[in-house]
Each structure stands twice: as C-alpha cells, then as structure tokens.
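Please open the model in your viewer with the whole chain displayed, and keep a backbone torsion readout within reach. The tour goes from the whole protein to individual residues.

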Amino acid sequence: MFDRRSVIRGGGAAAAAGAFALGVGSVHAEGVTASSPPSSKPGFLPLPAQAKPLPDNGKGYRLQRVGRNGYVVITGFVQSVFVVARDGVIVVDAPPASRGKLQEAIASVTDKPVTHFIYSHSHLDHVGAVADFPDAVRIAHAECARVLALHKDPARPMPQKIVDGRYNRLHVGGEEIHLIYPGANHESGNVLTYFPAQRLVAMTDVVMPGWAPYRGWGNADYLPGILLAHDAILGLDFDTYVGGHVYRTGTRADVQQSRAFFVDFWSTRRPPTGPAL
C-alpha cells in the first residue's frame with residue numbers, strides 16, 4: 001500500500017519531527033531515468049503531492065473553515081483548532097509558533113473573546129502560548145494535569161477544569177464537545193477532542209496526514225496506545241481530522257492509511273518476543 005522509498009528531502013521541520021512522507025502508488029526518483037548514469041547524490045525522492053506545504057495567506061498562516069463555525073489555523077508545521085460558540089471562542093492548542101497569528105485568525109472571523117482552552121496534552125510546542133489567553137477557562141485531562149504540575153511552567157499554567165476517565169461530554173455556549181481518552185499514547189493525558197456539530201476531530205501527534213513518524217512513532221510514551229488512539233478516531237463520525245502537525249488537515253482515509261502503516265511498522269520492527277497487533 002505504501003511506497004517506503006518516499007522519504008523527506010533535505011530535512012527541515014519534518015526531519016526534526018522524525019517523520020517521512022507517505023506516498024501512494026508508484027513514485028519515481030527525481031531526475032533519474034532508466035538510462036541515467038548512477039549519481040553520487042543521496043537518492044531522495046520528491047515529496048508526494050499530498051505531503052507538500054500549501055500556500056498561506058501571506059501573513060504566515062492558513063485559515064481553514066470546518067463545518068458551520070469551526071476553524072483550523074495552520075502555521076508552518078503546527079496546527080490549532082478554534083470553534084466560535086454562542087458566548088465565545090473555544091481553542092484547542094496554542095503553539096508558540098502561532099503566537100499572534102492565532103489571535104489574528106480568530107479576530108478575522110469573530111469579535112467574541114476566547115472563553116475556553118483545551119489542552120491536547122502538555123508538550124510545549126503545542127500549548128506553550130496558552131498564557132496568551134489569560135481569561136480562558138483551561139481544560140485538561142487529569143493525566144495531562146499531572147504532567148503539567150510536574151513542569152511548573154508559567155507558559156503552561158494549570159487547568160481550572162479537569163476531566164477524568166475515558167469519556168467526557170461538555171457543553172460550552174451551545175457547542176457539544178466530546179473529550180475521549182483512549183489511554184496513554186503519544187503522551188499520558190493526550191486526548192481526542194470531537195466537535196460533532198462541526199464533524200471535526202482533533203488529536204495531536206497521532207496521525208500526520210500524508211506523513212508518518214518513524215522514531216518510535218514520534219517518541220510516543222506508549223506505542224500500543226497509538227493503535228488504540230487510531231481506533232478511537234475512526235470510531236467517530238467526522239469529515240475533518242486535525243493532527244497538530246504537517247501542512248494540511250486530514251480525512252478518514254488519511255487516518256485509515258496511518259493506521260495501516262502503523263500496523264506494518266509495528267509488525268516489521270517489533271522484537272521477536274513482542275506482542276502481535
């Protein structure tokens with residue numbers, strides 16, 4: 001199903017994240033034909049079209065509408081979600097790389113304040129700008145809150161509302177939000193946030209549409225939990241998936257492709273005594 005030769009060129013953010021592009025179907029080496037002489041240059045192949053960066057708005061970010069009142073902000077290699085509810089804006093993740101741009105994107109569609117912030121998990125590259133929304137009620141899973149308490153980082157203040165267990169349903173300003181925790185995966189406390197009215201799912205650092213992590217699936221805390229996270233996503237009715245990284249949003253097909261690759265990755269690389277998936 002996947003062409004394993006389809007890899008990153010040069011490096012950059014994707015290389016730093018330990019990810020390579022997933023190619024579908026046949027891919028051919030750039031500038032190499034059957035009659036070409038051997039080259040001493042590294043044999044990197046061009047990125048598949050679905051993995052390439054998309055143009056931004058000229059201000060350093062892309063704003064994508066999802067559903068009636070949901071939005072995705074993509075700044076380079078990181079992503080955030082916000083939903084405009086009746087009384088204010090609900091934000092999922094605030095990467096430092098999006099500082100200022102996320103606020104500008106929100107202001108471009110509404111003058112309502114940010115009233116709620118959902119921590120996907122504790123990692124600084126996704127939530128290090130949460131303090132830019134000091135009036136928002138911060139929400140996190142209990143396991144995420146436990147990690148945040150260990151950090152004692154002013155850039156990642158403690159949540160005021162903590163949910164626990166595998167499934168929680170919240171209602172904020174007329175918007176229904178499902179917070180689903182399939183267990184430890186990329187990190188303990190990394191939750192799936194589902195906005196059913198927008199047919200929108202956000203789960204950070206589990207599926208990267210068009211790409212796949214290769215260093216322990218992005219240095220995941222618990223690799224079997226990555227499979228459970230994929231299954232939790234696919235158990236929902238959605239049109240748009242937001243993974244927190246890469247240059248575009250995803251679809252159900254992207255999540256299915258990522259799951260199939262993970263099973264292949266696990267089955268190929270697991271120790272002989274490891275459990276089968």
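What follows is a short tour of a predicted model, beginning with the overall fold and ending in two loops.

Start with everything selected and colour by secondary structure, which for this protein comes to 7 helices and 16 strands. If you then switch to colouring by relative accessibility, buried residues make up 53% of the 277 residues in the protein. With the surface turned on, the accessible area comes to about 12,400 Å², and carbon and sulfur atoms account for 55% of that area. A contact map adds a further view: among contacts between residues at least 6 apart in sequence, 59% join residues at least 24 apart.

Next, select strand E7 (89–92) and helix H2 (101–107), and follow the loop between them until you reach Asp93. Read the backbone torsion there: phi of Asp93 is near 75 degrees, which is a positive value in a residue other than glycine. Is Asp93 buried or exposed? Its relative accessibility is 1%, and because buried means under 20%, Asp93 counts as buried.

Now move along the chain to strand E14 (200–202) and strand E15 (211–213), and select Asp205 in the loop that lies between these two strands. Here too the torsion deserves a look, since phi of Asp205 is near 65 degrees, again a positive value in a residue other than glycine. The relative accessibility of Asp205 is 5%, so this residue counts as buried.

Conventions
Residues are numbered from 1 along each chain as its sequence is written. This is a predicted model: local features need pLDDT of at least 70, side-chain atom pairs count only at pLDDT 80 or more; totals for chains, interfaces and linings use all residues. Side-chain values use heavy atoms; hydrogens and water are left out. Helices (H or I, at least four residues) and strands (E, at least two) are DSSP runs, numbered from the N terminus. Buried means under 20% relative accessible area, exposed over 50%, partly exposed in between (1.4 Å probe, protein chains only). Contact means heavy atoms within 4.5 Å. Accessible areas come from the Shrake-Rupley method with a 1.4 Å probe; for residues, only the protein chains shown count as cover.
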